[in-house]
Amino acid sequence: MIEIKNLHASIETDEGVSKEIIKGLSLSIPAGEVHAIMGPNGAGKSTLSYVLAGRDDYEVTNGSVELDGKDLLDMAPEERAAAGLFLAFQYPIEIPGVNMSMFLKTSINAIRKQRGEEELDALGMLKLIKAKTKALGIKDDMMKRAVNVGFSGGEKKRNEVLQMAMLEPKFCVLDETDSGLDIDALKVVADGVNALRSPDRSFLVITHYQRLLDYIKPDVVHVLAHGKIVKSGGPELALELEEKGYAEFLEEAA
Amino acid sequence: MSLRALKLDNLPTPKVEEWKYTNLSRALGELKDVLPEKPREVVIHRKRGEVCGAIEDIMWKGVDGTHQPLHLKIILDAGVEATVIERHMGEGSYWKNMSTEIILAKNARLNHVRLVEDSAEGVQTNMVHITMERDSYLNSFSLNTGGKMTRHDIHAVLRGENIDCSLNGVNLLKDAQHGDTTIVMEHTAPHCVSNQFYRTILDDAARGVFQGKVHVHQAAQKTDGYQLANTIMLSPKCEMDTKPELEIYADDVKCSHGTTTGALDEEPLFYLRSRGLSEAAARMLLVQAFVDEVCDKIADDAMRDDVKEKAGMWLSEQLR
């Protein structure tokens, strides 16, 4: 499904110097699997998610990323979305003046059009929105509000999962979806993600804490430090990290 | 009187502090020497108890090579309500030298919409004087897409308690257009609310100006005075001058001003693209939403849709 090989990515600092953040990262996630990436602050977790989604602040200097054999790095962000990539943002962006239903409608039809599918009419859209919001416990009045404007932390993350459910991606990247959530909201969001698990969809769950992985059970856990994967293992690795912290990996790489 | 005496040698320049930043003499060029036409005057006076639901729809047409003195006077007696629409168009180069007077008696309510679509060589200056008595209401909106140079100078005096005065506008400027909005809002009595909400989109080498002042006199306690001016610049060659001012002599008021000027934010753009929108579609959606937030202040549904459509057409042309 997703194949990342020897990925190197840099960002230009405020001083105009190019700084490498991802330093030879390789990762392979087969269809239907959930992989978690854990790591200390500054390891490159968020950079990885932005590079995958195609944010142009980052320059990929080496390596490749393929989704179902297609070169992702060659595509614009919107083409990646149509190809089946979905990034759930750590900090979902506020869009003043654009209400939720307008946003969802525009997004879904833009994706459907790129995929060569027929655009949904108003009624079809309404039905789809109703079904998905109900499953996530989202109230109807949220559809009239401007995208993420004045949303609570929980509402923002629920909104990300709602979009994920509506766009039917093949590969989902969840960037610290647990940040800013209380236990109840965390459970709702995790349930939403779990409901989307299927044999032909894979997930990359990026997090600091083991807690999220109690709810979204990963098949494989990777440790990211200094821009590359330094250790991989089963779910027990997450528990081990929770106990010992990241010190061991930081020393190793240093 | 000799002809010489009628010539306009003392037009204001940007060096005059009160007139900043509009170079009227330069914009007028040879039109300075053109003698004024006979003034055209429109007076709308609604008397007390007069019930008239019809919208006043006024067309001001600019004629090539002329200096046109235009006067608009709107007088609403106590308790009267009215909606006035002004449409500005024209052909060739001209100077619409306009003055507007709006007088609202107590409890009067006015919805005023201006659609300025003057010709590419047209110049329009409009000095607006507004006086409002207690419990009166004004909702003014102006969409400005036309003219080589336009200047909209508004001086509003809130003279009684419990007045609600909103001056809103959208300026969409391209090429070498110059669009200036200058406002002085005088709060002289307590318990009044005023809002100034202006948004500007600049493209090419256009220049926008917004100078807005809220002057709260000592007697005007419990004033709510707000001012917001945001600009999106689509080109590196355009220029925006913004001068927000609060001058407050009362000690129990709520006043704020905010201005932002810059290119379209990258973050929302990326967020929308990550959700499948093309870059062009994402830009259009964001800029349209930016403008629509001001248009939403228009009270009349049909008028609001009309204005949004006009703005949308301008935007889709520029963002192609």
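Select helix H3 of chain A, residues 100-114, in this predicted model, and then display what surrounds its buried residues: within chain A they pack against helix H2 (77-83), strand E7 (95-99), helix H4 (122-135), strand E8 (146-147) and helix H5 (153-167), and from chain B helix H4 (279-295) joins these partners. The buried residues to show as side chains are A:Met100, A:Phe103, A:Leu104, A:Ser107, A:Ile108, A:Ala110 and A:Ile111. They lie on the same side of H3(A), because the arc that they cover around the axis is only 160°.

With H3(A) still selected, place a distance between its end C-alpha atoms, which are 21 Å apart; at 1.5 Å a residue the 15 residues should span 21 Å, so the two values agree. Just after H3(A), select A:Gly116, whose phi is positive, at about 75°.

Now widen the selection to the whole of chain A, in which the secondary structure amounts to nine helices and twelve strands. The radius of gyration of chain A is 18 Å, and the globule rule gives a close value, 18 Å, for 254 residues, so chain A is as compact as a globular protein of that length. Turned to its principal axes, the C-alpha trace of chain A spans about 55 × 40 × 40 Å. If you colour chain A by burial, 41% of its 254 residues count as buried. A contact map of chain A offers another view: among the contacts between residues at least 6 apart in sequence, 71% join residues at least 24 apart.

Move next to chain B and select the strands of its open sheet, eight in number, which follow the order E2-E4-E6-E8-E10-E12-E14-E16 and pair in parallel. At the edges of this sheet are strand E2 (56-62) and strand E16 (254-262) of chain B, each of which pairs on one side only. From one strand to the next the twist averages 5°.

Within that sheet, isolate strand E8 (residues 137-144) and strand E10 (residues 164-173) of chain B, which are joined in the parallel sense over eight bridges. One position to label here is B:Leu143, which has B:Val170 of E10(B) opposite it.

Finally, keep E10(B) in view and add H4(B), which lies across E10, strand E12 (193-202) and strand E14 (224-233) of chain B, and runs at about 155° to E12(B). This brings the tour back to its starting point, since H4(B), residues 279-295, is also among the elements against which the buried residues of H3(A) pack.

Notes: Residues numbered from 1 in each chain as written. Chains lettered and ligands numbered in written order. Predicted model: local features only at pLDDT ≥ 70, side-chain atom pairs only at ≥ 80, totals over all residues. Helix = DSSP H or I, 4+ residues; strand = E, 2+ residues; numbered from the N terminus. Rg over C-alpha atoms; globule rule 2.2 N^0.38 Å. Buried ≥ 20, exposed ≤ 12 C-beta atoms within 10 Å, placed from the backbone. Contact = placed C-beta atoms within 7 Å. Expected span 1.5 Å × (residues − 1). Arc of directions from axis to C-beta. Pairing = 2+ DSSP bridges. Axes fitted to C-alpha atoms, helices over the stretch in contact; angles between N-to-C directions.
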